[in-house]
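Biologist: Could you pick the smaller-scale view for me and go closely through one part, then show me how the rest fits around it? I'd like the plain geometry, nothing fancier.

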Amino acid sequence: MARKARKSPAAKTKAKPAPKSSRGGSSAPHHLALVATRKGAWLYHGDRSRSRWKADGPHFLGQIIQHLVLDHRDGRTLLAAASTGHLGPTIFRSTDFGRSWQEASRPPAFDKAPKGQQGRTVKHTFWLTPAHADEPGVWYAGTSPQGLFRSEDGGLTWAPFSGINDDSQYRAWMGTEQDGTPDGPKMHSIIVDPRDAAHLYFAMSGGGVHETLDGGKHWRPLIEGMEVVAGFDAKNVAFHDPHCVRLCPSNPDRLYQQNHCGIYRLDRPSKQWKRVGKAMPAKVGDVGFPMVVHPRDDDAAWVLPMDGQTVWPRTSIEGRPAVYGTADGGKSWKRLDKGLPANQAWWTVKRQAMAADSEDPVGLYFGTTSGELWASRNEGKSWACIARHLPEIYAVEIAQLT
Amino acid sequence: MAGNGTIKVLVASPLHSYTGADEVEARGKTLGALLADLDSRFPGIRFRMIDEQDQVRRHIRFFINGEPVRELGHGIQPGDEVCIVQALSGG
């Protein structure tokens with residue numbers, strides 16, 4: 001394991017500086033789309049109108065970047081979860097928008113197993129979440145296979161967090177690596193309650209949704225109302241496969257979830273998820289990966305359905321991709337496909353690859369498995385393609401620069 | 001043969017971002033000790049090859065004098081040549 005931090009020569013050679021105009025002027029880049037792909041990362045600098053985007057990249061060409069996240073608390077710390085086909089996983093950190101990168105000196109890694117026992121190995125870090133505003137420099141990471149880690153120094157060193165990685169009950173719920181997604185089981189959707197740094201959620205594919213009220217000392221499953229694949233017992237936490245969970249910034253008591261088996265809403269303090277995806281058109285269904293919520297309206301959310309029939313093609317439905325949005329908490333859904341390909345578009349969007357900005361009207365963004373980056377400046381009413389021909393997109397995050 | 005008891009190590013291209021070269025010299029009486037020596041000079045390089053359970057990662061191979069080696073305790077003699085290879089194909 002690394003003993004001290006180092007510069008990444010890959011970034012030295014490939015990272016181009018952000019446009020000089022990024023610090024002022026009406027046309028100054030104001031939005032940053034952080035695009036993580038199977039073969040590297042790109043930063044798209046968008047102007048205030050969100051109509052012009054300038055590509056900066058590739059960063060880490062050839063490396064698998066699972067997530068690229070800007071710390072909204074300081075507006076400058078950027079973390080990238082990286083691995084390659086050959087090498088073990090690591091985390092890179094930049095505080096100058098990717099001009100230079102520093103590698104974590106202690107990336108997320110499970111504890112070494114006692115002699116004679118089989119230990120687990122982090123295959124990749126999948127999810128990154130900045131902690132509460134009262135805990136500057138603290139981050140959480142979710143890994144594949146499922147593990148929860150915490151950094152208290154802005155991503156340079158990481159340690160297992162809260163004991164669940166080696167808890168026998170949680171290990172049983174996590175299942176084996178054969179129980180997870182094709183690319184390995186994931187811990188994801190690590191959510192921090194903006195009102196309480198000790199109130200956290202996470203989700204596991206597979207292994208359900210969980211929360212702690214005491215900063216990770218105790219966790220409990222939060223799966224009531226969630227359905228599982230037919231023939232399995234919904235009481236068994238291990239059988240639950242939440243794909244993406246989001247908390248409404250305007251109402252932290254409301255969460256939405258895109259699950260392997262439907263779209264759900266949860267209004268705390270209730271523990272009962274309600275399957276609001278039942279209101280989706282029957283021929284579309286409510287299977288998908290991403291879930292996006294409105295920054296100011298807890299009744300508004302968006303999904304991007306995929307084909308989950310028969311052998312689970314995981315493509316758009318009938319080759320006609322569309323976003324669906326609700327403005328009434330999931331009671332009804334509206335198809336939003338203006339500008340998207342009308343047919344023969346067989347891509348889909350992964351769970352981390354769809355995001356919203358906080359402008360009015362809200363901008364929506366998604367990246368496809370075929371390497372296209374799409375955006376809407378009007379809450380999904382119409383769509384335009386920002387970039388094509390990128391590698392398979394794993395994650396899209398939107399940051400607004402001030 | 002490298003001088004002063006050091007061992008010549010041929011480094012696969014995915015690790016050149018650490019070493020800055022395709023050939024470096026290192027010290028160590030075992031493969032594990034040699035990797036620890038490399039990590040002291042190129043921080044982080046060991047974890048990219050060896051996981052937290054001290055197992056060689058799936059797509060990394062070590063050869064000593066042309067023979068495949070998977071045990072970190074495998075002995076190395078002065079004059080041996082160590083080769084770190086990436087083993088991966090497909091898109």
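Modeller: Sure, let's start with chain B. If you take the contacts in chain B between residues at least 6 apart in sequence, 43% of them join residues at least 24 apart. Keep in mind that this is a predicted model.

What are the elements behind those contacts? Chain B has three helices and five strands, and reading from the N terminus they come in the order β-α-β-α-α-β-β-β. The radius of gyration of chain B is 12 Å, close to the 12 Å that the globule rule gives for 91 residues, so chain B is as compact as a globular protein of that length. If you'd rather think in box dimensions, the C-alpha atoms of chain B fill roughly 40 × 25 × 25 Å along the principal axes. Of the 91 residues in chain B, 31% are buried.

Some of chain B also turns up in a nonpolar core, but let me bring in the largest core before that one. The largest nonpolar core has 108 residues, and those touching the most other members are Ala33(A), Leu34(A), Val35(A), Ile65(A), Ala80(A), Tyr365(A) and Val396(A). Strand β28 of chain A, residues 393–400, gives this core its largest share, six residues. Apart from that core lies another one, of 21 residues, and Val9(B), Val11(B), Leu31(B) and Val82(B) are among them.

Back to Val396(A) for a second. Leaving out residues up to four places away in sequence, Val396(A) touches Ala33(A), Leu34(A) and Val35(A), and its partners also include Ala353(A), Met354(A), Ala355(A), Tyr365(A), Phe366(A), Gly367(A) and Leu373(A).

Now, how do the two chains meet? On the chain A side 23 residues are in contact with 18 residues of chain B. The chain A side of that contact splits into nine nonpolar, nine polar and five charged residues.

A word on confidence in chain A, for when you look at the coordinates. The average pLDDT of chain A is 92, and 93% of its residues score at least 70. Residues 1–27 of chain A are another story: their pLDDT is below 50, though this stretch still has 66 contacts in the model beyond near neighbours in sequence.

Here's a sheet in chain A that's easy to trace. Four strands make an open sheet in the order β9-β10-β11-β12, paired antiparallel. In chain A, β9 (124–130) and β12 (159–160) stand at the edges with a single partner strand each, so one side of each has no neighbour in the sheet. Follow β11 of chain A, residues 147–151, and you'll find two bridges joining it to β12(A), with the pair running antiparallel. Within β12(A), Ala159(A) is the residue standing opposite Arg150(A).

The loop just before β11 has something for a backbone-minded reader. Pro145(A) sits in the loop between β10 (139–144) and β11 of chain A, and the peptide bond from Ser144(A) to Pro145(A) is cis, with omega near -5°. There's a cis bond between Arg268(A) and Pro269(A) as well, with omega about 15°. Pro269(A) belongs to the loop between β19 (262–267) and β20 (288–293) of chain A. For context, most peptide bonds are trans, and most residues other than glycine have a negative phi.

That second point leads to two more spots. Phe60(A) isn't a glycine, yet its phi is positive, about 60°. You'll find Phe60(A) in the loop between β4 (53–59) and β5 (64–70) of chain A. Buried or exposed? Phe60(A) is buried, because 26 other C-beta atoms lie within 10 Å. Glu318(A), also a residue other than glycine, has a positive phi near 60°. Its loop lies between β21 (301–305) and β22 (323–326) of chain A, and with 14 other C-beta atoms within 10 Å, Glu318(A) is partly exposed.

One last stop is Val209(A), in strand β15 of chain A, residues 208–212. Val209(A) counts as buried because it has 25 C-beta neighbours inside 10 Å. Setting aside neighbours within four places in sequence, Val209(A) is in contact with Tyr201(A), Ala203(A), Leu222(A), Ile223(A), Pro242(A) and Val245(A). Asp241(A) is 32 residues away from Val209(A) along the chain, and their C-alpha atoms are separated by 8.5 Å.

Conventions. Residues numbered from 1 in each chain as written. Chains lettered and ligands numbered in written order. Predicted model: local features only at pLDDT ≥ 70, side-chain atom pairs only at ≥ 80, totals over all residues. Contact = placed C-beta atoms within 7 Å. Nonpolar A, V, L, I, M, F, W, Y, C, P; charged D, E, K, R; others polar. pLDDT = per-residue confidence, 0-100. Pairing = 2+ DSSP bridges. Rg over C-alpha atoms; globule rule 2.2 N^0.38 Å. Buried ≥ 20, exposed ≤ 12 C-beta atoms within 10 Å, placed from the backbone. Core = buried A, V, L, I, M, F, W, Y, C linked by C-beta atoms within 7 Å.
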